[in-house]
Amino acid sequence: MEVLKLENLCFSYGSKQVLNGVNYSFENGKIYAIVGKSGAGKTTLLSVISGLVEPTEGTIYCNGEDMKSQDKYEYRSKNIGVIFQDFNLLTKLTAKENVELSMEISKSNDKQKIDKGEIERKAYGILDQVGLDRDEADRRVLKLSGGQQQRVAIARALSYGPDIILADEPTGNLDEETQEEIMDIMKKLAANGKCVIIVTHSSYVAGCADERIELKTMKKSTKKQ
Ligand SMILES: Nc1ncnc2c1ncn2[C@@H]1O[C@H](COP(=O)(O)OP(=O)(O)O)[C@@H](O)[C@H]1O
Ligand SMILES: [Mg+2]
């Protein structure tokens, strides 16, 4: 089933055009690798898809609905989970606290009261799913290895049950063995019906994907002044 559709997506930083008419359709249950040279616009594309910035032109449909008519905050805190190369975790908190905080933020606009006990149980459960035991879950993030920190970042992205997972070079700072472990988690997520979109320079990661999308660097001054 199609979860995300990009139609003629364009993006410019001022007069510098980075994306020029990207068309693509993403289904759940699949892994997509976005590849391309440095500066081709991969991170920009993820920022547009995640609702962080507005496309200059074109439309994004999420589950058939035009993103323009959706509440961006709702979209970002419910539909989409983002994982970064450098993890972007709150390093003073424990792994579990990072996941809990993300769940609380996602629920903060809901009418229902937040049940702390339930959130804690869920946080431990999700961390367990990505291979972190109770002792690791209770450790401050800085006391975890790079691979373990990336697992926490994945757990955080999964914490509110999004359909789509976006990852920007998630294995860029990891050794080969850890990269394979992280990709095993990504494969499991796709097998469980998530749509996993990964920007990567790694041929191993691209090889794990069901589809590979190459972004081409735009030539200079294609935009009319
Ligand atoms: N905030 C910004 N302002 C202006 N130009 C930017 C900004 N962010 C990125 N760029 C430029 O846009 C292009 C695409 O960047 P990016 O999406 O980060 O590429 P990639 O992730 O493929 O390396 C690059 O030429 C980069 O210099
Ligand atoms: Mg990038």
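1. Which residue lies over the face of Tyr 124? It's Arg 134, at 3.7 Å from the ring centre. Before you go hunting for that spot in the viewer, keep in mind that this is a predicted model. Everything below is a walk through that prediction.

2. Let's stay with rings for a moment. The count of aromatic pairs comes to four. One of them is Tyr 24 with Phe 26: the ring centres are 5.2 Å apart and the planes sit at 45°, so this pair goes down as tilted. If you wonder what those two numbers are for, a pair of aromatic rings is described by the distance of the centres and the angle of the planes. Another pair is Phe 26 with Tyr 32, where the centres are 4.8 Å apart and the planes are at 75°, so here the label is edge-to-face. To see where the labels come from, remember that planes over 60 degrees apart count as edge-to-face and those under 30 as stacked, with tilted for the rest.

3. You may have spotted that Phe 26 turns up in both of those pairs. Ring pairs link Tyr 24, Phe 26 and Tyr 32 into a cluster. How buried or exposed are its members? Phe 26 is buried, with a relative accessible area of 1%, and Tyr 32 is buried too. Tyr 24 counts as partly exposed, at 23% relative accessibility; the cut-off for buried is under 20%, so Tyr 24 doesn't make it.

4. Now for the cysteines. How many disulfides does the structure hold? Zero. Take Cys 10: the closest cysteine sulfur belongs to Cys 62 and is 20 Å away, which is too far for a bond. For Cys 208 the closest cysteine sulfur is in Cys 195, at 16 Å, so again the gap is too far for a bond. For scale, a disulfide needs the two sulfur atoms within 2.5 Å. Both of these cysteines are tucked away from solvent by the numbers: Cys 10 is buried at 5% relative accessible area, and Cys 208 counts as buried at 16%.

5. Next, find the largest pocket, with a volume of about 560 Å³. It is lined by 23 residues, and the closest to its centre are Arg 76, Val 82, Phe 84, Arg 156 and Tyr 160. Those are handy ones to click on if you want to find your way in. By class, the lining has 12 nonpolar, eight polar and three charged residues.

6. Which element gives the most to the lining of that pocket? Helix 3 does, with five residues. Several elements each supply at least two lining residues, among them helix 1 (42–49), helix 2 (72–79) and helix 6 (146–158). Strands join in as well: strand 6 (80–83) and strand 7 (164–168) are also on that list.

7. Helix 3 (95–107) deserves another look. Lys 96 lies in this helix, and Lys 96 is buried, with a relative accessible area of 10%. Its C-alpha atom is separated by 5.9 Å from that of Ala 123, although the two residues are 27 residues apart along the chain.

8. Just ahead of that helix comes a loop worth checking. Phe 87 is found between strand 6 and helix 3, and Asn 88 is in the loop between strand 6 and helix 3 as well. What is odd about the backbone here? Phe 87 has a positive phi of about 70° although it is not a glycine, and Asn 88, also not a glycine, has a positive phi of about 50°. Their surroundings don't match: Phe 87 counts as buried at 10% relative accessibility, whereas Asn 88 is partly exposed at 42%.

9. Finally, the inside. There is one cavity of 30 Å³ or more, and the largest cavity has a volume of about 70 Å³. Its lining includes Val 53, Pro 55, Ile 60, Asp 66 and Lys 72. Strand 4 (residues 57–62) gives the most to this lining, with three residues. Sorted by class, the cavity is lined by four nonpolar, two polar and four charged residues.

Definitions and conventions
Residues numbered from 1 in each chain as written. Chains lettered and ligands numbered in written order. Predicted model: local features only at pLDDT ≥ 70, side-chain atom pairs only at ≥ 80, totals over all residues. Heavy atoms only, no water. Buried < 20%, exposed > 50% of the residue type's maximum accessible area, 1.4 Å probe, protein only. 1 Å grid on protein atoms, 1.4 Å probe; cavity = no way out; pocket = protein on both sides within 12 Å on 5 of 7 lines; lining within 4 Å. Points joined across faces, edges and corners; volume = space filled by probe spheres on them. Helix = DSSP H or I, 4+ residues; strand = E, 2+ residues; numbered from the N terminus. Nonpolar A, V, L, I, M, F, W, Y, C, P; charged D, E, K, R; others polar. Phe/Tyr/Trp six-rings, centres within 6.5 Å; stacked < 30°, edge-to-face > 60°. Lys NZ or Arg CZ within 6 Å of the ring centre and 35° of its normal.
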